Amino acid sequence: MLPNVIVKAGAEKFMRRMVRFAGLGAEAGFRLTVTTGGCSGYSAEFTVEGTPRDGDEVLPVGDLNVFLPAESRLLLEGVTIDFADTPSASGLSFHNPNAGACGCSSSSGTSVPPPGVATVDISAIRRT
């Protein structure tokens, strides 16, 4: 079952570019794997693949195929996916309005996303 997820225009544009630049054909899609972890509650990886893997479901975003494994579908329920491009970070962001506040602190001086938001850096891109 596909999750109730919102993919904002910035995220869709980013995903579409990744698929187009991979040159894998019309059936190719953006595979998004989301797991629990990290201060914001999410850890994510993505790849561009020619076809969905066994167990993936295809989330249509316009004419873009987003391949979602089972665990990702559960975790993305009610989440909004967007793309952020700031001087300090660039990548997909996930906003879960039902997530609690982060209980950890950071002494490294790096910025921490607001509660319920996870950012995936562009360096996470892998082509398979």
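## Overall architecture

The secondary structure of this protein comprises 2 helices and 9 strands, and the coordinates are those of a predicted model. Along the sequence the elements follow the order β-α-β-β-β-β-α-β-β-β-β. Of the 128 residues in the protein, 36% are buried, while the exposed surface amounts to about 7,200 Å², with 53% of that area supplied by carbon and sulfur atoms. Among contacts between residues at least 6 apart in sequence, 59% join residues that are at least 24 apart.

## Confidence of the model

The mean pLDDT of the protein is 80, and 73% of the residues score at least 70. Confidence is highest in strand β5, at a mean of 97, and lowest in strand β8 (residues 117-121), at a mean of 49. Over residues 105-119 the pLDDT stays under 50, and for this stretch the model has 25 contacts beyond four places in sequence.

## Strand pairing

Strand β2 (residues 29-36) pairs with strand β3 (residues 42-49) in the antiparallel sense, over 8 bridges, and within this pairing glycine 29 has glutamate 49 of β3 as its bridge partner. β2 also pairs with strand β5 (residues 64-68), here in the parallel sense and over 2 bridges; in that pairing arginine 31 is matched with phenylalanine 67 of β5.

Later in the sequence, strand β6 (residues 80-85) runs antiparallel to β7, and 6 bridges join the two. These strands form a hairpin with 4 residues between them, and alanine 84 has glycine 91 in β7 as its bridge partner. β7 is mostly covered, since 5 of its 6 residues are buried.

## The nonpolar core

In soluble globular proteins, nonpolar side chains tend to be buried together. Here the largest nonpolar core has 26 residues, of which Met15, Phe30, Leu32, Leu76, Ile81, Leu92 and Phe94 touch the most other members. Two or more residues of this core are given by each of α1 (9-22), β2, β3, β4 (57-61), β5 and β7 (90-95), and the largest share, 6 residues, comes from α1.

Leucine 76, one of the core residues that touch the most other members, can be followed through its own surroundings. Not counting residues up to four places away in sequence, leucine 76 touches Pro3, Asn4, Val5, Leu32, Val34, Leu68, Ile81 and Phe94. Three of these neighbours, namely Leu32, Ile81 and Phe94, are also named among the core members with the most contacts to other members.

## Two buried polar residues

Threonine 47 is found in strand β3 and, because its relative accessible area is 4%, below the 20% limit, this residue counts as buried. The side chain of threonine 47 makes a polar contact with the side chain of glutamate 49, at 2.8 Å, and glutamate 49 is the residue already met as the bridge partner of glycine 29.

Serine 72 lies in helix α2 (residues 70-75) and is likewise counted as buried, because its relative accessibility is 1% against a limit of 20%. Leaving aside neighbours within four places in sequence, serine 72 is in contact with Leu32, Thr33 and Val34. Leu32 and Val34 also appear among the residues touched by leucine 76, and Leu32 is one of the residues that touch the most other members of the largest nonpolar core.

Key. Residues are numbered from 1 along each chain as its sequence is written. Side-chain values use heavy atoms; hydrogens and water are left out. Buried means under 20% relative accessible area, exposed over 50%, partly exposed in between (1.4 Å probe, protein chains only). Contact means heavy atoms within 4.5 Å. Accessible areas come from the Shrake-Rupley method with a 1.4 Å probe; for residues, only the protein chains shown count as cover. Two strands pair if DSSP finds at least two bridges between them. pLDDT is the predictor's confidence in each residue, from 0 to 100. A polar contact is a pair of N or O atoms within 3.5 Å; within protein, one must be able to donate a hydrogen and the other to accept it, and residues adjacent in sequence count only if both atoms are side-chain atoms. A nonpolar core is a set of buried Ala, Val, Leu, Ile, Met, Phe, Trp, Tyr and Cys residues joined through side-chain atoms within 4.5 Å.
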